[in-house]
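Here is a short briefing on one protein chain. Keep the sequence and the 3D view open as you read.

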Amino acid sequence: MASLRKLIFPLIILFALFACTGKPEAEDRPEQTESYQETPATEIEEEQPQEAPKGKPTTLQSYEYNWSKGDDMPDVVIIIDDFGNSAGQLLDDFGDLPSEFVFAVLPDLAHTKTAANVATRKGHEVIIHIPMEAENSKISPGKKYISKNMDEAELKAALDDFFQQLPMAIAANNHMGSATTANLETMNKVLGHLKKEGLFFIDSATTSHSAVYTAAKQQDIFIAKRDIFLDVPDVSDKSLTKKIQDLGKFKGRKEPIIIITHCHDRAKLEGLQKFVTQIKAMGINVVSLRDAFSKSIS
Ligand SMILES: [Zn+2]
């Protein structure tokens with residue numbers, strides 16, 4: 001009985017934390033997504049759990065999904081973006097997630113190295129979260145970033161520096177980048193350099209005008225593309241429920257579903273844990289990039 005209580009109590013606290021905040025639902029339009037990604041992520045907020053009203057099912061628990069355990073659902077890859085801004089307990093707790101979760105680490109930040117080391121030590125795949133120019137942003141993507149019209153020498157120097165900072169990386173994706181990823185010539189150069197390094201690219205899909213697919217064809221390099229941003233607009237029960245519902249759209253697809261979320265605060269970590277607990281219980285596998293794309297990457 002005592003052990004049962006031990007199990008139930010944290011669950012109640014977890015559900016209390018995620019009582020719906022009632023924010024209006026929004027489409028994952030690239031512009032919104034990108035401005036969301038630009039939110040500075042320097043402060044770690046620790047929230048104190050509050051006791052929940054007992055016996056009331058949350059939205060997430062009571063929702064009826066349009067797919068079920070027997071359906072042919074693709075595997076899921078989960079990429080966590082924006083590591084490098086913070087270290088400490090929150091980073092360690094992200095590190096304690098199952099090793100299939102992929103860490104996308106930004107270069108040139110105070111904790112770039114620490115984040116990459118924690119990830120590696122705990123068995124996570126690391127990818128380079130390459131800062132790229134955005135179409136409509138006053139916020140810089142990073143100290144050094146790939147701008148849409150960068151000349152070859154500058155671009156190579158920037159990427160070489162990123163490769164050096166994150167030598168354990170197996171792939172890369174873009175941080176912001178609605179302008180850069182829409183530029184075919186620049187993306188051709190970027191993918192060409194990644195290919196030489198033995199890395200593949202995951203298009204974070206921050207613009208509907210992405211040239212990444214065309215560039216990948218021309219460079220003959222494997223790429224993948226983000227399907228869902230988990231934490232946009234937020235990780236309320238209402239939003240997470242919508243994301244779980246959205247998975248139904250991918251029923252029967254051969255390629256894995258690529259989900260990106262962020263490491264900015266504890267609420268995002270707990271939202272992710274809640275989401276994953278739910279989808280695993282419904283029979284979906286979370287897999288690493290290597291396992292997801294073993295046939296396509298070397
Ligand atoms: Zn990012």
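The points below go from the whole chain to single residues and then to two helix pairs.

This is a predicted model. The chain holds eleven helices and eight strands. Of its 298 residues, 43% are buried. Take contacts between residues at least 6 apart in sequence: 78% of them join residues at least 24 apart.

**Backbone geometry**

- The peptide bond between V232 and P233 is cis. Its omega is near 5°.
- P233 sits in a loop. That loop runs between β7 (228-229) and α9 (237-247).
- M176 has a positive phi, near 60°, and is not a glycine. It belongs to strand β4, which covers residues 171-176.
- D220 also has a positive phi without being a glycine. The value is about 55°.
- D220 is a loop residue, placed between α8 (212-219) and β6 (223-225).

**Buried or exposed?**

- M176 has 28 C-beta neighbours inside 10 Å, so this residue counts as buried. The cut-off for a buried residue is 20 or more.
- D220 has 9 such neighbours inside 10 Å and therefore counts as exposed. The cut-off for an exposed residue is 12 or fewer.
- V102 counts as buried because 26 C-beta atoms lie inside 10 Å of its own.

**V102 and its surroundings**

- V102 is part of strand β2, residues 102-105.
- V102 and I78 are 24 residues apart along the chain. Their C-alpha atoms are separated by 6.2 Å.
- Which residues does V102 touch, leaving out those up to four places away in sequence? The list includes V77, I78, I79 and I80. H124, E125 and I127 are also on it. S288 and L289 complete it.

**Helix pair α6 and α7**

- α6 spans residues 152-165, and α7 spans residues 184-196.
- The two helices pack at an angle of about 40°. Their axes are 11 Å apart.
- α6 and α7 are therefore oblique to each other. An angle under 35 degrees would count as roughly parallel, and 65 to 115 as roughly perpendicular.
- The crossing of α6 over α7 is right-handed.
- On the α6 side, the contact is made by E152, L155, K156 and L159. On the α7 side, K189, V190 and H193 take part.
- By class, the residues of this contact are three nonpolar, one polar and three charged.

**Helix pair α9 and α10**

- α10 covers residues 266-281 and packs against α9. The angle is about 40°, and the axes are 11 Å apart.
- α9 and α10 make a right-handed crossing.
- From α9, the residues in contact are L240, K243, I244 and L247. They meet G271, K274, F275, Q278 and I279 of α10.
- This contact of α9 with α10 has five nonpolar, two polar and two charged residues.

**Points to locate in the 3D view**

- Find the cis bond from V232 to P233, in the loop ahead of α9 (237-247).
- Find the two residues other than glycine with positive phi: M176 in the strand β4 and D220 in the loop after α8 (212-219).
- Find V102 in β2, then look for I78 with its C-alpha atom 6.2 Å from that of V102.

Methods: Residues numbered from 1 in each chain as written. Predicted model: local features only at pLDDT ≥ 70, side-chain atom pairs only at ≥ 80, totals over all residues. Helix = DSSP H or I, 4+ residues; strand = E, 2+ residues; numbered from the N terminus. Contact = placed C-beta atoms within 7 Å. Axes fitted to C-alpha atoms, helices over the stretch in contact; angles between N-to-C directions. Parallel < 35°, antiparallel > 145°, perpendicular 65-115°, else oblique. Left-handed = near helix turned anticlockwise from the far one by under 90°. Nonpolar A, V, L, I, M, F, W, Y, C, P; charged D, E, K, R; others polar.
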